Amino acid sequence: MILWLALYLQQRAAFLFSLLLQVFASLAFLAAGPLLLSGISGEGLAPLAHTGFWTPAVLGLAAQIGAWRLQGLARSGRDTGIDGVSLQRLGQLLLAWGAGWWALALASEVLRFVSDNMQASVLLVLAALSAVVWMLLALRTRWRELAMLCSLLAPVAGLILIHAWHPLYHPAANFGWLGWAAVIAVHLLSVAGCCLACWHWSCVICC
């Protein structure tokens with residue numbers, strides 16, 4: 001909200017404060033909670049009803065909303081009074097920052113409350129659903145950077161595979177067939193969606 005008002009009122013100090021507030025809130029969360037998903041526990045907590053999930057989720061959503069606002073202003077070319085700052089580059093940075101916090105919120109919740117043998121399948125489905133939402137928003141808003149973000153689904157699925165891998169791992173076990181089918185289907189859709197959002201067929205190379 002501060003970033004939105006700062007751009008509307010063309011207040012550079014408030015604009016910088018909104019960015020610093022994001023960084024401060026993130027550092028405060030990391031300092032107070034478990035770092036890098038180590039040692040997290042769901043004991044005494046209810047799924048989706050605790051600050052361990054909502055804090056990174058809100059940080060991610062706030063950053064992505066800010067990135068959407070910045071890319072809209074950069075595309076319109078309207079004067080914002082924020083000289084010396086590339087709104088497009090800053091929007092890209094905020095988008096990546098927000099996606100990282102959103103991924104952290106989902107991954108930590110799965111590791112807290114989902115049994116070990118089901119974690120990979122649930123993570124794959126959640127990653128696919130997130131990519132679908134981003135793809136639909138990218139198509140609706142013609143947001144190129146968000147469309148390109150959908151192309152990260154395949155590398156993320158690879159990281160999940162590395163996390164779940166063991167000598168007896170079977171990709172179809174424990175509803176793994178559903179997770180991998182969702183990833184493949186969404187990835188193919190995101191290739192087409194990326195091209196429509198970017199309005200240029202060369203983006204297939206990036207997907």
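This report walks through some helices, their packing and three backbone oddities in a predicted model.

Residues are numbered from 1 along each chain as its sequence is written, and side-chain values use heavy atoms, with hydrogens and water left out. Because the model is predicted, local features need pLDDT of at least 70 and side-chain atom pairs count only at pLDDT 80 or more, while totals for chains, interfaces and linings use all residues.

**Helix H1 and its surroundings**

Helices here are DSSP runs (H or I, at least four residues), numbered from the N terminus. Let us start with H1, residues 2-9. Its buried residues (buried means under 20% relative accessible area, exposed over 50%, partly exposed in between, with a 1.4 Å probe and protein chains only) are Leu3, Ala6 and Leu7. Seen down the axis of H1, these residues fall within an arc of 95°, so they line one face of the helix; the arc is that of the directions from the helix axis to the C-beta atoms. On the face of H1 turned away from that buried side sit the exposed residues Tyr8 and Leu9. The cover over the buried residues of H1 includes H2, H3 and H4, where contact means heavy atoms within 4.5 Å.

**Two helix pairs**

H1 packs against H3 (residues 51-76) at an angle of about 20°, with their axes 9 Å apart. That makes H1 roughly parallel to H3, since angles under 35 degrees count as roughly parallel. Axes are lines fitted to C-alpha atoms, for helices over the stretch in contact, and angles run from 0 to 180 degrees between N-to-C directions. Leu3, Trp4 and Leu7 of H1 make the contact with Ile65, Gly66, Trp68, Arg69, Leu70 and Leu73 of H3. The crossing of H1 and H3 is right-handed, meaning that the near helix is turned clockwise from the far one by less than a right angle.

For H2 (residues 12-32) and H4, the axes come within 13 Å and cross at roughly 20°. H2 is therefore roughly parallel to H4. This crossing of H2 and H4 is left-handed, the term for an anticlockwise turn. On the H2 side, Phe15, Leu19, Gln22, Ser26, Phe29 and Leu30 meet Leu87, Leu90, Leu94, Trp97, Trp101 and Leu104 of H4.

Leu104 deserves a second look. This residue of H4 (residues 87-113) is partly exposed, with a relative accessible area of 23%. Leu104 and Ala57 are 47 residues apart in sequence, yet their C-alpha atoms are 8.0 Å apart in space.

**Helix H7**

The twelve residues of H7 (residues 153-164) should span 16 Å at 1.5 Å a residue, and the end C-alpha atoms are 16 Å apart, which agrees. The expected span is 1.5 Å times one less than the number of residues. Leu153, Ala157, Ile160 and Ala164 are buried in H7. They cover an arc of only 55° around the axis, which puts them on the same side of H7. An α-helix has 3.6 residues a turn, so residues three or four places apart point the same way. The face of H7 turned away from its buried side carries the exposed Leu159 and Ile162.

**Positive phi values**

| Residue | Phi | Place |
|---|---|---|
| Gln10 | about 55° | just after H1 |
| Leu48 | near 60° | loop between H2 and H3 |
| Asn174 | near 55° | loop between H7 and H8 (176-198) |

Leu48 counts as partly exposed at 49% relative accessibility, and Asn174 counts as partly exposed at 35%.

Terms used:
Angles under 35 degrees count as roughly parallel, over 145 as roughly antiparallel, 65 to 115 as roughly perpendicular and the rest as oblique.
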